[in-house]
Amino acid sequence: MTLTFYKYQGTGNDFVIIDNRESIVSKNNTKLFARLCDRKFGIGADGLMLLELPQNQEDDFTMVYFNADGNESSMCGNGGRCLVAFAAFLGVIKDKATFTAIDGKHHAEIKEGLVHLQMQNVFDIEKYESHLFLDTGSPHHVTMVNDLLDYDVVTTGRKIRKGAPYFEAGSNVNFVEKRNGNTFSVRTYERGVEDETLSCGTGVTAVALSMHATQQTEKEEVLVNTQGGELRVTFRKTANGYEDVFLIGPAEQVFKGEIIC
């Protein structure tokens with residue numbers, strides 16, 4: 001079978017995307033997805049997404065996301081932004097989208113070349129002496145460090161990701177350094193990729209909310225610099241937690257291709 005695919009990236013977080021509205025691939029074919037994401041024997045990507053038909057009337061499409069290891073994963077923020085851009089490219093949407101992912105319904109809008117993706121509300125942020133933990137569609141461990149540029153993200157991240165209390169289920173691990181006022185830098189070790197990625201959308205969202213929750217910033221708009229570029233997170237602090245959370249940034253098509261499966 002010859003499979004048509006598209007490659008997208010959002011601040012260096014890259015994805016293979018397949019238009020699967022006609023069910024050309026099975027969601028159970030995890031070996032295929034892992035091979036397509038392999039950077040030496042396949043196309044190469046941090047993850048793979050299927051754009052599928054909507055499951056209900058109000059949706060424009062359905063998002064199905066797989067990690068680079070081929071396993072279906074929790075929500076991917078940058079992936080969601082890229083899939084919105086892909087849906088616009090296909091003509092499925094114009095500039096606004098409603099879709100369902102594994103963590104529920106999302107709304108998005110493309111404005112001035114940037115994708116504004118509404119993330120899930122966050123009502124629970126666990127605060128510990130050394131770190132914070134929260135779920136922004138995917139689980140995230142957030143810790144502040146010094147000298148982020150030289151920090152051993154892979155070694156330390158792998159230990160935390162597989163250690164207590166996360167163990168086999170694992171957590172993504174974010175290392176953060178404050179730059180000024182409401183600007184922070186982050187490097188992320190992602191489970192499923194089992195390596196550092198240039199950017200992580202749910203991680204950036206987790207960092208922004210964590211920095212506000214710990215009074216590192218008072219603003220409800222946070223700029224987060226990743227290895228692959230800058231993302232913006234806006235939100236509204238309420239008595240219950242954080243609502244109207246938006247992840248904002250670019251999403252670009254890199255190329256279209258065909259691969260024999």
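The exercises below work through the salt bridges and the overall fold of a predicted model.

**Exercise 1. Determine which parts of the chain are tied together by the salt bridge between Asp14 and Arg39, and how each residue is placed with respect to the surface.**

Step 1. The side chains of Asp14 and Arg39 meet in a salt bridge, with a distance of 2.8 Å from N to O.
Step 2. Asp14 belongs to strand β2, residues 13-19, while Arg39 sits in the loop between α1 (30-37) and β3 (47-52), so the pair ties together parts that lie 25 residues apart in sequence.
Step 3. Buried means a relative accessible area under 20% and exposed means over 50%. Asp14, with a relative accessible area of 10%, is therefore buried, whereas Arg39, with 51%, is exposed.

**Exercise 2. Carry out the analysis for the salt bridge between Glu52 and Lys27.**

Step 1. In this salt bridge the closest N and O atoms of Glu52 and Lys27 are 3.1 Å apart.
Step 2. Glu52 lies in strand β3 and Lys27 in the loop between β2 and α1, so this pair ties together parts that are 25 residues apart in sequence.
Step 3. Glu52 has a relative accessibility of 11% and counts as buried, while Lys27, with a relative accessible area of 41%, is partly exposed.

**Exercise 3. Classify Asp244 and Arg236 by accessibility, and then identify the residues that salt bridges with shared partners join into one network.**

Step 1. Asp244 forms a salt bridge with Arg236, and the closest N and O atoms are 2.8 Å apart.
Step 2. Asp244 is partly exposed, with a relative accessible area of 33%, and Arg236 is partly exposed as well, with 38%.
Step 3. Elsewhere, salt bridges that share partners join Lys7, Asp14, Arg39 and Asp46 into one network.
Step 4. A search of the whole structure finds 13 salt bridges.

**Exercise 4. Decide whether the radius of gyration of the protein chain agrees or disagrees with that of a compact globule, and describe the fold around that result.**

Step 1. For 261 residues a compact globule would have a radius of gyration near 18 Å, and the protein chain has 17 Å, which agrees.
Step 2. The protein chain has four helices and 17 strands, and its C-alpha trace spans about 55 × 35 × 30 Å along the principal axes.
Step 3. Buried residues make up 54% of the 261 residues, and among contacts with a separation of 6 or more, 60% come from residues 24 or more positions apart.
Step 4. The protein chain exposes about 11800 Å², of which carbon and sulfur atoms supply 46%.

Key. Residues numbered from 1 in each chain as written. Predicted model: local features only at pLDDT ≥ 70, side-chain atom pairs only at ≥ 80, totals over all residues. Heavy atoms only, no water. Salt bridge = Lys/Arg side-chain N within 4 Å of Asp/Glu carboxyl O. Helix = DSSP H or I, 4+ residues; strand = E, 2+ residues; numbered from the N terminus. Buried < 20%, exposed > 50% of the residue type's maximum accessible area, 1.4 Å probe, protein only. Rg over C-alpha atoms; globule rule 2.2 N^0.38 Å. Contact = heavy atoms within 4.5 Å. Areas by Shrake-Rupley, 256 points an atom, 1.4 Å probe, with all protein chains shown as cover.
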